[in-house]
Amino acid sequence: MSTKIKLGLFGFGCVGQGLYNVLNQTEGIKAEIVKICVKNPNKKRSLPAEYFSFDKNDILFNEDINVVVEMIDDPEAAFEIVKTALKSGKAVVSANKKMIADNFDELYELQKQYNAPLLYEASACASIPIIRNLEEYYDNDLLGAVEGIFNGSTNYILTKIFKDNIDFSTALKQAQEIGFAETDPTLDVEAYDPKYKLCIILAHTFGLFVKPEEVFNYGIQNLSTFDIQYANEKGYKIKLVAFCRKVENKIVAGVLPRFIKPDNKLFNIENEYNGILVESAFTESQFFAGKGAGSNPTGSAVLSDISALTYNYKYEYKKHNRSAKVELTNDFTIDLYVRYSTANPIDISLFSNIKESYSNHESAYIVGTINFAELRRSDLLKRKDINLIVASDAKFEVIQNSIQSKSQELVSA
């Protein structure tokens, strides 16, 4: 990469403006914004008109631009931009987690074929530099698990519920009013957003390339005051937790709400903050925390990738390229809290072990052990009167113990 980086930006929304802010307040990074491609010619913007273009080719085929920064919200259009830029030999920085997760295999091959780097630290957990740490710091360590809060919007909602004693719909409305949740909050509250991030994390943790549809996600959309009361009585909080864990040569992975005890480091991660726990053989447990949303935190992650390009950094995907391969599996047991309507009972034969149960005239719950593969085939996931929450933060001990008791029958979600 030349000593001077010439940037072409796609998009100038929250992340784009954040990048502009941090770039102009940072000394030592020789980077200049040459052109910004945007969609709406009538929108008022904070920069002079000469910065902007409405034709993507003004960036993609501009020989003065050597780094393309993709920050738009359309994953299909983003993929075409990134693909064209890589084929042109331009380095690319992206913040689009869905685009990356949907097209990981092809993006990996394009980087190899055209010898052009694609960096995407901002696509997972914003200000937390988790991807590069997994790629470099933990390169020679035996990673066992990565799990945490990957979505700032739902964490803000859950914080409001437990701190302000309000219900889910009120907390969601407040999050929408201040811009932490979209008008259509589906991607966040139904856990698609953290699932896309988890797919990216899987590649850099275990070298495993998966499609998003292979990874299970269950969000907080069915959370009720009954569930919140249960958590409060136990002294728990509820957090939406993404996880991936290695058991021999199998990987379990997914996104589910989880009851968190006060001694868990995720307990005090509040508002739009994210928190990530990394377990490894040599360093044991380490914890990362930082803002998972916001203009400047995400812009800072994009700028970090731009800075890395000045010394020719690229992902090497060493874990993926090693001969030992791992695979995702659904064959494991999980301790779940299952809340349902008393008028519409559930099939208790799903539980191999029931640890706790209760019912009143409206709602009931069972806490017990369920085979995850059977859960995914059941009708529980389709019912709106049901909510599922991982029973405690000791979930992975339960998985490992049940695997051992079943002649090393291994797992993944």
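Asn 133 is found in helix H6, which covers residues 130-137; helices here are DSSP runs of type H or I with at least four residues, strands are E runs of at least two, and both are numbered from the N terminus. The model is a predicted one, so local features need pLDDT of at least 70 and side-chain atom pairs count only at pLDDT 80 or more, while totals for chains, interfaces and linings use all residues. Residues are numbered from 1 along each chain as its sequence is written, and side-chain values use heavy atoms, with hydrogens and water left out.

Back to Asn 133: with a relative accessible area of 19%, this residue is buried. Buried means under 20% relative accessible area, exposed means over 50%, and partly exposed is what lies in between (1.4 Å probe, protein chains only). Setting aside neighbours within four places in sequence, Asn 133 touches Tyr 138 and Phe 288, where contact means heavy atoms within 4.5 Å. The rest of the helix tells a similar story: six of the eight residues of H6 are buried, so H6 is largely enclosed by the rest of the structure. The buried ones are Ile 130, Ile 131, Arg 132, Asn 133, Leu 134 and Glu 135. What do the buried residues of H6 pack against? Their partners are strand E7 (143-149), helix H10 (192-206), E11, strand E12 (284-291), helix H12 (295-309) and helix H13 (318-321).

Next come the charged pairs. Side chains of opposite charge can pair when their charged atoms come close. A search of the whole structure turns up 18 salt bridges, each being a side-chain nitrogen of Lys or Arg within 4 Å of a carboxyl oxygen of Asp or Glu. One of them joins Lys 237 to Glu 270, with the closest N and O atoms 2.5 Å apart. Lys 237 lies in strand E9 (residues 237-247) and Glu 270 in the loop between strand E10 (250-260) and strand E11 (273-280), so this pair ties together parts that are 33 residues apart in sequence. Both Lys 237 and Glu 270 are buried.

Strand E9 also supplies Arg 245, and Glu 279 sits in strand E11, so a link between these two ties together parts 34 residues apart in sequence. That link is a salt bridge of 3.1 Å, N to O. Arg 245 is buried at 7% relative accessible area, whereas Glu 279 is partly exposed at 29%.

A more local case is the salt bridge between Lys 83 and Glu 80 (3.5 Å, N to O). Both residues lie in helix H3, three residues apart, or about one turn of the helix. Lys 83 counts as buried at 15% relative accessibility, while Glu 80 is partly exposed at 38%. Elsewhere, Lys 97, Asp 193 and Lys 197 are linked in a network of salt bridges.

Helix H3 (residues 75-87) is also home to Glu 76, which counts as exposed at 53% relative accessibility. Together with Asp 73, Asp 74, Glu 182 and Asp 184, Glu 76 forms a negative surface patch. Patches are made of residues with over 30% relative accessible area and no salt bridge, with like charges joined within 9 Å and nonpolar side chains (Val, Leu, Ile, Met, Phe, Trp, Tyr) within 5 Å.

Finally, Asn 57 is found in helix H2 (residues 57-60) and counts as partly exposed at 36% relative accessibility. The C-alpha atoms of Asn 57 and Thr 369 are separated by 55 Å, with their positions 312 residues apart along the chain.

Key. Accessible areas come from the Shrake-Rupley method with a 1.4 Å probe; for residues, only the protein chains shown count as cover. Lys and Arg count as positive and Asp and Glu as negative; His and the chain ends are not counted. The place of a charge is taken as NZ of Lys, CZ of Arg, CG of Asp or CD of Glu.
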